[in-house]
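Thanks for coming. I will take a few minutes to walk through a structure that is new to most of you.

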Amino acid sequence: MDPVVSIRPLLAITVAGLAALAVLLLHNRERLRDLVSPLAAIAMFAIVVSMAPTVLAGGTVELRLFEILPGIDFAFRVDALGMVFATVSSLLWIVAAIYSIGYMRHLNEHAQTRFFACFASSLAAAAGGAFAANLFTLVIFYEVLSLVTYPLVYHHEDEAGWRGSHKYLVYLMGASKSALLAALALTYHIAGSLDFVTGGLLAGSDASAALLTVVYFCYLFGFAKAAVMPMHAWLPAAMVAPTPVSALLHAVAVVKMGVFCVLRVVFQVFGTGLVGGLGLGIATAYLASFTILMASVYALTRDDLKARLAYSTVSQLSYIVLGAALLSPVAMVGGIIHIAAHAFSKITLFFCAGSIYCASGKRNISDMAGIGRRLPWTMGAFFVASLSMIGIPPTAGFVSKWYLAEGAVAARETVFLVVLLVSSILNAAYFLPISYAAFFQAERQESRTTVREIPLVTIPLVATAILSVLMGIFPGYFLTLADGVIR
C-alpha cells in the first residue's frame, strides 16, 4: 500500500502545542484555562484515531517537512508501532487532564498555569516521538520531552524537588548527550541515513560486529527513559513531583518514550536478524530480566506508596524490552501490547495514590489500614489495576504476559519463562497486601478523620481501571497493530 501523505501527524502535535500556549495566555482566567487541556486532549485523540484505519490496513501516513542533511529529513511517519504509543498517550491525556484539575484544585497547588502548560507540551513531544520517521526527528522530540517535564518534576521548588529534578536531568540529558550522540553519528557514518527501515537500517552493512555492538549499547543506555538498570535511578527520584506528574512520567509519556525508542532501534534500526546474529538479543534479555527481578525486590522494601509504584514501573518497563529481545514473533507482540497494558494499569495505580493523598494526606502503605472502607472506589480501582500488573485475567496485564510467556517458550528460553513467573509472584507480594490492609485490617483510632472520595479525582481512576479490564477482554486493536509491527 502506498503511503498516505497527510498533515494530520503535524496537526496532532500542533493541537497539544497550541494548548500549552492557550494555557499560558489564560493564566488569569482559571476556569477557561482548565478547560483547555481536556478539550485539546479530545481533539488530539480524534486526530490520532482518524489515522488508525489506514495503519490497521497495513499502510502508513507520512509528512516530510524539510531536509537537514543529505539522508536526514525532519519528517513524520505514522506506522503500527507509532500508533500504539500515540493511541495510548492521547487517550490517557483525556483522563489525566480531568484528574489533574481535581488534584491541583483540591490541594490548591501553586504554579498551576506552568503545570498545565508543561503537561500539554509533554504530550506534544510524545506525539512527535511517536510519529517520527527517523532517528533524528525521534531524538529531537525525545530531548524536548526531557526539557518540558523538568519543571514538572521540580514543581514544588523545595530541596527535595531540586535533588530529584537534578538527578532526572543529569540521567536523561547526560545519557543522550554522550551515548545517543555517539550512536547517531556512528549510525549515519555506517548507513548514510537515519531513516527507520523495515528489517533494519543497519542490516546488511559491512561494519564490524564490535562496532555494531558498541552502537547498539549506546542506544540501549542512551535512551535512559527506558530505565534499564543501571540507568534507572532517575525514575524513583522523580517521585518528588505531584502525583499527576508521576502518572505522566510512569504511564503516559516519559517512560513509554524510552521503551518505544528501544523498540524502534531493535526492529527498524538494527532489525531482529542482525540483533540475533550479533547475540545482542540474549544479552539484552538477561539485562532486562535482572532489571525485572531487582526492581521488584526494591519495590517490596518501600513503604512510601509512590516509591513502590516507581520501582514497579522500572520492573514492568523491562517486560517490553524483554519481549523485543527474545526475538520470537509471539514475544515481540507481548512486548508491544504491554506498552498499553502497563499504561492503563499503572496510571490507575498512581491516580489512586494521589486520591489517597488528597483525601487523607497519607503517603505510606503502613498508614493505610482500613482506608478502603472510606475510599471504596479508589481502593477498588487500585485492586483491579494490581491484578493487571500481576497478570490475572481478564485484565490487560494477563494478555501481554501470556504472549510474553508463550514467546519465551517459542524461543526455547525457559529461563525467561521462570523470570516472568517469579516476577508475577513478586508483583503479588508487593501489591496485594496493600488492598488487603485497606479493606480487611482495622483502621487506626488516631487516623479516623474525615476522609471521602473526591469526584474529579475518583472518576478518572475508575475510568482507567475499566480500560484495564476492557483491553483484557477486547485486545484486538492493539494485537492487530502489534502484528503489523512484526510483519
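I will start with the whole chain, then turn to one annotated stretch, and end with some individual residues.

Please keep in mind that this is a predicted model. The secondary structure of the protein comes to 20 helices and three strands. Along the principal axes, the C-alpha atoms fill a box of roughly 70 × 55 × 45 Å. A compact globule of 487 residues would have a radius of gyration near 23 Å, and the protein has 21 Å, so the two agree.

How much of the protein is buried? Of its 487 residues, 61% count as buried. The accessible surface comes to about 17100 Å², and 67% of that surface belongs to carbon and sulfur atoms. As for contacts with a separation of 6 or more, 81% of them are made by residues 24 or more positions apart. On charges, there are 28 positive and 23 negative ones, and their mean positions are 7 Å apart.

Next, the annotated stretch. An unreviewed UniProt entry gives residues 72–116 the annotation "domain: NADH-Ubiquinone oxidoreductase (complex I) chain 5 N-terminal". In the model, residues 72–116 are 71% helix and 16% strand. The C-alpha atoms at the two ends of the stretch are 33 Å apart.

One residue to look at here is T113, which lies in helix α5, residues 112–130. Is T113 buried or exposed? Its relative accessible area is 15%, and buried means under 20%, so T113 is buried. Beyond its neighbours within four places in sequence, T113 is in contact with V23, L24, H27 and R33.

Now to P70. This proline is found in the loop between β2, residues 61–69, and β3, residues 72–78. P70 has 57% relative accessibility, and the cut-off for exposed is over 50%, so P70 counts as exposed. Leaving aside neighbours within four places in sequence, P70 is in contact with Y188 and G192. For a sense of distance, P70 and K401 are 331 residues apart in sequence, and their C-alpha atoms are 42 Å apart in space.

That leaves some backbone details. As background, most residues other than glycine have a negative phi, and most peptide bonds are trans.

Where are cis peptide bonds found? One runs from M229 to P230, with omega near 15 degrees. P230 is found in the loop between α8, residues 209–222, and α9, residues 234–237. Another cis peptide bond joins P393 and P394, with omega about 5 degrees. P394 lies in the loop between α16, residues 376–390, and α17, residues 396–410.

Positive phi values come next. L327 is a residue other than glycine, and its phi is near 65 degrees. Its place is in the loop between α14, residues 305–326, and α15, residues 329–360. With a relative accessible area of 23%, L327 is partly exposed. R412 is not a glycine either, and it has a positive phi of about 60 degrees. R412 is found in the loop between α17 and α18, the latter being residues 414–440. At 76% relative accessibility, R412 counts as exposed.

To recap the backbone part: the bonds from M229 to P230 and between P393 and P394 are cis, while L327 and R412 have positive phi. That is all I have.

Terms used: Residues are numbered from 1 along each chain as its sequence is written. This is a predicted model: local features need pLDDT of at least 70, side-chain atom pairs count only at pLDDT 80 or more; totals for chains, interfaces and linings use all residues. Side-chain values use heavy atoms; hydrogens and water are left out. Helices (H or I, at least four residues) and strands (E, at least two) are DSSP runs, numbered from the N terminus. Buried means under 20% relative accessible area, exposed over 50%, partly exposed in between (1.4 Å probe, protein chains only). Contact means heavy atoms within 4.5 Å. UniProt positions are given in the numbering used here, feature names are shortened, and annotations may be inferred rather than shown by experiment. The radius of gyration is taken over C-alpha atoms; the globule rule is 2.2 Å times the number of residues to the power 0.38. Accessible areas come from the Shrake-Rupley method with a 1.4 Å probe; for residues, only the protein chains shown count as cover. Lys and Arg count as positive and Asp and Glu as negative; His and the chain ends are not counted. The place of a charge is taken as NZ of Lys, CZ of Arg, CG of Asp or CD of Glu.
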